[in-house]
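Let's walk through this structure together, one region at a time. Please keep the sequence and the 3D view side by side as you read.

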Amino acid sequence: MKDPVQKSVLPNGLRVVTVELPHLHTGMIAAYVRAGSRHEEPARNGVSHFLEHLFFRGSEAYPKGAR
């Protein structure tokens, strides 16, 4: 049986994981970023928290955001 999970690394270092589920008629893309306050320098403190609000709370054009 073929493993449905494939892991690869692009030339730019981006890690990609794909999961083949042929019985589903849908697709999904998820992006996980290794970032957060522990990865910030003092000069950029708060940037990841700001981005979290943009991505998860929406914006004027997309006010409801993902919940």
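One cut-off will help us before we start: a residue counts as buried when its relative accessible area is under 20%, as exposed when that value is over 50%, and as partly exposed in between. Please also bear in mind that this is a predicted model.

Now for the overall layout. The protein has one helix and two strands, and from the N terminus these elements follow the order β-β-α. Of its 67 residues, 4% count as buried. The accessible surface amounts to about 7,000 Å², and carbon and sulfur atoms contribute 59% of that area. As for the contacts with a separation of 6 or more, 0% of them link residues 24 or more positions apart.

Let's begin with the strands. Strand β1 covers residues 5-9 and runs antiparallel to β2, with five bridges joining the two. If you would like one pair to look for, take Lys-7, whose bridge partner in β2 is Val-17. Between the strands of this hairpin lie five residues, and Gly-13 adopts a positive phi near 95 degrees.

Moving along the chain, we come to the loop that connects β2 (15-19) with α1 (47-57), and this is where Glu-40 is found. Is Glu-40 buried or exposed? Its relative accessibility is 19%, so Glu-40 counts as buried under the cut-off of 20%. What does the side chain of Glu-40 meet there? One of its polar atoms lies 2.8 Å from the backbone nitrogen of Gly-46. The backbone nitrogen of Val-47 is also close at hand in the list of partners, with 3.2 Å between it and a polar atom of the Glu-40 side chain. Beyond its neighbours within four places in sequence, Glu-40 is in contact with Asn-45, Gly-46, Val-47, Ser-48 and His-49.

Val-47 also takes us on to the surface. Together with Phe-50, Leu-51, Leu-54, Phe-55 and Phe-56, Val-47 makes a nonpolar surface patch of about 600 Å². Let's pick out Phe-55 from this group, a residue of helix α1. With a relative accessible area of 59%, Phe-55 lies over the 50% cut-off and is therefore exposed.

To close, try setting two residues beside each other in your viewer: Glu-40 in the loop counts as buried, whereas Phe-55 in the helix is exposed.

Key:
Residues are numbered from 1 along each chain as its sequence is written. This is a predicted model: local features need pLDDT of at least 70, side-chain atom pairs count only at pLDDT 80 or more; totals for chains, interfaces and linings use all residues. Side-chain values use heavy atoms; hydrogens and water are left out. Helices (H or I, at least four residues) and strands (E, at least two) are DSSP runs, numbered from the N terminus. Buried means under 20% relative accessible area, exposed over 50%, partly exposed in between (1.4 Å probe, protein chains only). Contact means heavy atoms within 4.5 Å. Accessible areas come from the Shrake-Rupley method with a 1.4 Å probe; for residues, only the protein chains shown count as cover. A polar contact is a pair of N or O atoms within 3.5 Å; within protein, one must be able to donate a hydrogen and the other to accept it, and residues adjacent in sequence count only if both atoms are side-chain atoms. Patches are made of residues with over 30% relative accessible area and no salt bridge: like charges are joined within 9 Å, nonpolar side chains (Val, Leu, Ile, Met, Phe, Trp, Tyr) within 5 Å. A salt bridge is a side-chain nitrogen of Lys or Arg within 4 Å of a carboxyl oxygen of Asp or Glu. Two strands pair if DSSP finds at least two bridges between them.
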